[in-house]
Every structure is written in structure tokens, then in C-alpha cells.
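Colleague: I am new to this structure and would like to understand the words used to describe it. Could you take me through them with the reasons behind each?

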Amino acid sequence: MKVSIRRMEFEDVPKVVAIEERWSYLSKWGEPGYRAVMSDSRVYTCLVAEDGEHRAQPPVIAGFAVVAKLIDDCELCNLVVLPECLSKGVGYELLQACFEVAQYLKIARMLLEVRQSNQRAIDFYARNGFRIINERRNYYLSPRESAWVMERAVELG
Ligand SMILES: CC(C)(COP(=O)(O)OP(=O)(O)OC[C@H]1O[C@@H](n2cnc3c(N)ncnc32)[C@H](O)[C@@H]1OP(=O)(O)O)[C@@H](O)C(=O)NCCC(=O)NCCS
């Protein structure tokens with residue numbers, strides 16, 4: 001799918017939350033959560049992927065990502081694709097945009113946490129260069145579950 005990546009705007013938030021709601025096991029940030037991170041732009045970069053193929057007006061938001069700048073690392077806090085748009089490269093394009101954010105910030109490492117049962121996401125991250133470096137016991141609630149911590153180097157050129 002041809003997608004264009006742009007910054008998340010406040011008017012995107014209801015659609016972003018609707019995508020989040022489609023995945024039962026995801027931690028729900030809700031509208032207040034996304035508005036809060038968007039308001040803290042020194043730390044967070046929030047991106048959406050628009051479907052550029054189907055020319056719907058307004059364009060369909062096919063997925064979104066949130067990256068945080070920690071002290072020496074970037075953390076991929078959220079990466080979610082609309083179920084109808086899976087396996088079409090939307091996740092890949094969003095991930096590349098997140099790496100570009102890290103490159104712009106001159107941060108050489110991307111970290112993330114993922115539910116240990118989320119094999120689709122673990123495989124996706126592994127194919128895209130991440131490796132498991134640690135475990136956080138009982139990191140998630142509803143349902144309670146441990147997380148893998150994964151990392152990937154970011155080329156700074
Ligand atoms: C993990 C996730 C973000 C991956 O997103 P995605 O858009 O499906 O990822 P991609 O399309 O880039 O890659 C997935 C597959 O599509 C394939 N693909 C990529 N581009 C493609 C294209 N243009 N045409 C067809 N297939 C393509 C990839 O090769 C890969 O194939 P494989 O799974 O058979 O190996 C998505 O599954 C998701 O949103 N999951 C729910 C939320 C979640 O759990 N997020 C992670 C929280 S830590």
C-alpha cells in the first residue's frame with residue numbers, strides 16, 4: 001500500500017483511538033493519553049500513516065506510531081495498524097519514519113516493549129532488525145503479562 005506519513009494532529013485523535021480500540025490486548029491510551037503526548041513535543045513524536053492509494057476524502061488513517069526521546073535512547077511507545085491494512089507495509093513505513101526521528105535527534109538506539117504473547121509483533125520487529133535484550137516481569141495489566149524488551153541500533157550516518 002502507498003502510504004504517506006505525517007505528524008498526528010489533534011483532529012486525528014478520535015480515529016487513532018478507534019484503531020487502538022480494534023486491538024483488544026493493547027493498553028488503551030484513549031483520547032486524553034494521545035492529547036497529552038502530543039502536547040509534550042520535546043519528548044514525544046506522534047505520526048500517522050495515511051492511505052494514499054484509495055483517494056478517500058478525508059484519507060483513511062491506516063496506522064500510527066508514537067516515539068519518545070529518553071535520555072540516550074528513543075523508545076517506540078506505540079505502533080498500531082488498522083486490521084484491514086495489515087501486511088501491506090504500513091507498519092514498515094511507520095517504523096522507518098520512527099528511525100528517521102531518532103536520526104534527526106542523533107539517537108543511536110531504539111527500544112521497545114512487547115507482550116510476550118504478541119508473536120506477530122515480535123516477528124515483525126525481529127524482521128526489522130530488533131533483538132530481545134531483556135524481560136520485564138508482569139509489565140502489562142489486563143491481562144497481566146511479561147514484556148520482552150527489544151533494541152535496535154539506529155544508523156546515524
Ligand atoms: C505489528 C504490526 C504493527 C505490523 O504492521 P504491518 O503493517 O502488518 O507490518 P508490515 O506490513 O510492514 O509487515 C508485515 C508483513 O507484511 C509483508 N509486507 C510488507 N509490505 C508488503 C506489501 N507491500 N505487500 C504485501 N505484503 C507486504 C511483510 O513482508 C510482512 O510479511 P510476513 O508477516 O508474512 O513476514 C501490526 O501487526 C499491528 O498493528 N499489530 C497490532 C498492534 C500491536 O501489537 N503493535 C505492537 C505493539 S508493541
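Modeller: Let us begin with strand β3 (residues 61-69), which is mostly covered, since 7 of its 9 residues are buried. This is a predicted model, in which local features need pLDDT of at least 70, side-chain atom pairs count only at pLDDT 80 or more, and totals for chains, interfaces and linings use all residues. Residues are numbered from 1 along each chain as its sequence is written.

Colleague: What makes a residue buried or exposed?

Modeller: A residue is buried if 20 or more other C-beta atoms, placed from the backbone, lie within 10 Å of its own, exposed if 12 or fewer do, and partly exposed in between. Helices (H or I, at least four residues) and strands (E, at least two) are DSSP runs, numbered from the N terminus.

Colleague: Why is strand β6 (residues 131-140) said to lie largely in the open?

Modeller: The number of buried residues among the 10 of β6 is 0, and therefore the strand lies largely in the open.

Colleague: How do you know which strands pair with β3?

Modeller: Two strands pair if DSSP finds at least two bridges between them. Strand β2 (residues 44-51) and β3 have 7 bridges in the antiparallel sense, with Tyr-44 opposite Ala-68 of β3. On β3 and strand β4 (residues 74-81) there are likewise 7 bridges, again antiparallel, and Val-66 has Asn-78 in β4 as its bridge partner. β3 and β4 form a hairpin with 4 residues between them.

Colleague: What makes β1 (3-7) and β6 edge strands?

Modeller: An open sheet of 7 strands runs in the order β1-β2-β3-β4-β5-β7-β6, with mixed pairing. β1 and β6 each have a single partner strand, so one side of each is left without a neighbour in the sheet. For β6 there are 6 bridges in the antiparallel sense with strand β7 (residues 145-153), and Arg-136 stands opposite Ala-147 in β7, while Glu-135 stands opposite Trp-148.

Colleague: Why is helix α1 called oblique to helix α2?

Modeller: The axes of α1 (residues 13-21) and α2 (residues 30-38) come within 9 Å and cross at roughly 125°. Axes are lines fitted to C-alpha atoms, for helices over the stretch in contact, and angles run from 0 to 180 degrees between N-to-C directions. Angles under 35 degrees count as roughly parallel, over 145 as roughly antiparallel, 65 to 115 as roughly perpendicular and the rest as oblique, so this crossing makes α1 oblique to α2.

Colleague: Which residues of α1 and α2 meet?

Modeller: Val-13, Pro-14, Val-16 and Val-17 in α1 meet Gly-30, Glu-31, Tyr-34 and Arg-35 in α2, where contact requires C-beta atoms, placed from the backbone, within 7 Å.

Colleague: What is the phi of Ser-87, and why does this residue count as exposed?

Modeller: Ser-87, in the loop between β4 and α3, has a positive phi of about 60° although it is not a glycine. With 11 C-beta neighbours inside 10 Å, Ser-87 falls in the exposed class.

Colleague: Why is Ser-142 called exposed, and which peptide bond follows it?

Modeller: Ser-142, found in the loop between β6 and β7, has 9 other C-beta atoms within 10 Å and is therefore exposed. Its phi is near 50°, a positive value in a residue other than glycine, and the peptide bond from Ser-142 to Pro-143 is cis, with omega near -5°.

Definitions and conventions. Two residues are in contact if their C-beta atoms, placed from the backbone, lie within 7 Å.
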